[in-house]
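Student: I'd like to learn how to read a few features off a model like this one. Can we walk through it together?

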Amino acid sequence: MKIMVAVKRVIDYAVKIRVKPDKSGVETANVKMSMNPFCEIALEEALRLREAGHASEVLVVSMGGAQCSDTLRTALAMGADRAIHVSTSHSLFPLTVAKLLQALATSEKPNILLLGKQAIDDDANQTGQMVAGLLQWPQGTFASKVQMDKEAVGSVTVEREVDGGLETVKLQLPAVITTDLRLNQPRYASLPNIMKAKKKTITQITPEQLGVQITSDLEILEVFEPPKRKAGVIVASVDELLDKLKNEAHVI
Amino acid sequence: MSTARALRIFRRSDAGLLKRLHQGAAHRLFSSSESPSASASASTHTTINAAAANSKSRTWDEHRLSSDQLQFRDLASEFAQRELMPFAAEWDERKYFPVEVLRSAAKLGFGGVFCGHDVGGSQLTRADGVVIFEALAYGDVSATAFLTIHNMCAAIIENYGTEEQRQLLLPGLTSMEVLASYCLTEPSSGSDAASLQTTAHQEEGSTDYILNGEKAFISGGGVSDIYLVMARTGDPGPKGISCFFVEKDTQGLSFGRQEAKLGWRNQPTASVILENVRIPERNMIGREGQGFSIAMAALDGGRINIASCSIGGAQFCLDAAQEYVSSRKQFGKAIIDFQNTQFKLADMLTSVQASRSLVANAATALDSKSPWATASAAMAKRFATDACYNVCNDALQLHGGYGYLKDYTVERYVRDLRVHTILEGTNEIMRMVISRHMTKSQS
């Protein structure tokens, strides 16, 4: 069985984000970048499935500019078998990523496509769901547990974190799974594995070769910081409180 | 407010949960009833913000590191921030030696950085080691320093041991199932190391060696499983010294009480006492009379490693100080807005950068076996340990009264770094090494 994991290079979670003065985006120059934490969790789950004998190959993919290779090398050092870099300088939004993943899944034919539930830069939480729709594959999103049975071949059981609690779904393979925080604790890449990763292949491919045309269906108009927290106000009566909650804060 | 909206907001706090869950992965994997929990004081505030600041300071030398070294650094840095930094204060307070965390570091290849793949080592260069140890020391100087001493012992066996000795000792050492100590210093011979008095003599009719003597200030003393002992087999002076390995439970081997130290408190330090300790001939490492040059060659690497620890500690203190003075306000503005503070920080960073450059130079000199490697290591150790101690001390001063409190973490780095100017050859001895090299290369 083959597992394909999609990983995204994002600003490291510990960095203090700053908005660019022209409000076109956030400052990324000289800022530490890392693999999206949810993507790390997805990769870890794929590696565990391979170690448990359910999969024979873990393929990792990433899309974007030249620095994607850093993220892919980290993924190979963690234990992925090979990598694909979809090379493009366009800014990518979830639907485009989903179309590229659809094309890759059609050619690579993985049994499971694992992704993080969302990226910590855009918090979109769309790509996994969209690619499942495009591929017409079943999906188990916000996975907090993934189980494969040696007996129940051809399916995977996913426990999901939903608004009301936990939901368990059984998916026929091939399927899309997106990972949530509590699924696992990703491993470190060891020093020897970092060195071994140099012998593993990173295949370069372009969107054109995949037959996908990149269209920007979204345009970022402005990026700005949330308003600074204002001082509190002491209200004189419950009526005044209700009035403020309704007419100023608009929460009731 | 709808439940759905409330829970979506809860999920946005995943980032905060991420930070807390990321702390102490290995700690959880190897937890025993004794291991301490993460300290939840103001020091946590300092460490997480310093981590964010450090992710900016990284760019200062990325241009000269290879892509492999950048990956090594990322790994070591992540490990330091998750497995060392949150617990270091408590380890220091309780004098707790975190063996299980060192073993999890060894699982990542940190236990035998310079040893061959065939014995579980990572087979990396000294230049790689510098990057790794600096990143680890950022999280905890003392634990990293122990790790470097253990690596120095493993490297002695790697470079001077027979194939049998390598296969016998290194698999255990690289995984840190077995810990090693370096025993050169004695109560009466520190700087004058070649005058050591521990003897190793053979009796009629046996090839065994009988060791008698006492070693002082031994890191790992009482806890380590293997002791590399420099003992006198021949004439006075350096040429009469040989190197042996002694196992912990050998009859006649005992230990003094654990020393109460200013810093390095999460490491055991004790005297090692040898009373008619009998070991077989095969426990000699290298040739008879080679012990002193083995010990000195090992210190070339050891000095580079200790200097790297100083640099990592200084970088942490510098980041913490910058963070503090950016938020502390006096006389109507943040302290960092005063030019004096800015100049001070600039000088501190320059010191750390200069140290880094000297140490990197010494590492590449040692890797290429150049004839000036020993002098380079001595210069790097002398400069970096002095300069970085001053940076930590200055960082404490920049914190004002808060710098004196354990909660603000910097004082522990000052205490830990204070010994680096003393051990592995005092900075005075470093000057002897450097000037000797200068006169030798003149004649």
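Tutor: Sure. Start with the record: UniProt, in an unreviewed entry, lists residues 67-177 of chain B as "domain: Acyl-CoA dehydrogenase/oxidase N-terminal". Keep in mind that this is a predicted model.

Student: What are the helix and strand shares over residues 67-177 of chain B?

Tutor: That span is 75% helix and 0% strand, with its end C-alpha atoms 31 Å apart. Now take residues 182-277 of chain B, which the unreviewed UniProt entry annotates as "domain: Acyl-CoA oxidase/dehydrogenase middle". There you get 0% helix and 45% strand, and the end C-alpha atoms lie 17 Å apart.

Student: And which residues of chain B does the "domain: Acyl-CoA dehydrogenase/oxidase C-terminal" annotation cover?

Tutor: Residues 289-438, again according to the unreviewed UniProt entry. That part is 75% helix and 3% strand, and 26 Å separates its end C-alpha atoms.

Student: Next, salt bridges. How should I think about them?

Tutor: Side chains of opposite charge can pair when their charged atoms come close. Over all chains, the count here is 40 salt bridges. One of them joins B:Asp61 and B:Arg73, at 3.0 Å from N to O. B:Asp61 sits in the loop between helix H4 (42-57) and H5 of chain B, while B:Arg73 is in helix H5, 12 residues apart.

Student: Are B:Asp61 and B:Arg73 buried or exposed?

Tutor: B:Asp61 counts as buried because its relative accessibility is 6%, and B:Arg73 is buried too, at 11%. Both belong to a salt-bridge network that also links B:Glu62, B:Arg64, B:Glu134 and B:Arg356.

Student: How many residues apart in sequence are B:Asp92 and B:Arg265?

Tutor: First, their side chains meet in a salt bridge at 3.8 Å, N to O. B:Asp92 is in helix H5 of chain B and B:Arg265 is in the loop between strand S6 (253-255) and strand S7 (269-279), so the bridge ties together parts 173 residues apart in sequence. B:Asp92 is buried at 5% relative accessible area, whereas B:Arg265, at 23%, is partly exposed.

Student: Last one: how do I find internal space?

Tutor: Rolling a probe the size of a water molecule over the atoms shows where empty space is left. Here the count is two cavities of 30 Å³ or more. The second largest holds about 40 Å³, and its lining includes B:Phe79, B:Val101 and B:Leu147. Helix H5 (67-94), helix H6 (99-107) and helix H8 (141-160) of chain B each give two or more residues to that lining.

Terms used. Residues are numbered from 1 along each chain as its sequence is written. Chains are lettered from A and ligands numbered from 1 in the order in which they are written. This is a predicted model: local features need pLDDT of at least 70, side-chain atom pairs count only at pLDDT 80 or more; totals for chains, interfaces and linings use all residues. Side-chain values use heavy atoms; hydrogens and water are left out. UniProt positions are given in the numbering used here, feature names are shortened, and annotations may be inferred rather than shown by experiment. Helices (H or I, at least four residues) and strands (E, at least two) are DSSP runs, numbered from the N terminus. On a 1 Å grid over the protein atoms alone, a cavity is a set of points where a 1.4 Å probe fits but cannot get out, and a pocket is an open set with protein on both sides within 12 Å along at least five of seven lines; lining residues have an atom within 4 Å of a point. Grid points are joined across faces, edges and corners, and a volume is the space filled by probe spheres set on the points. A salt bridge is a side-chain nitrogen of Lys or Arg within 4 Å of a carboxyl oxygen of Asp or Glu. Buried means under 20% relative accessible area, exposed over 50%, partly exposed in between (1.4 Å probe, protein chains only).
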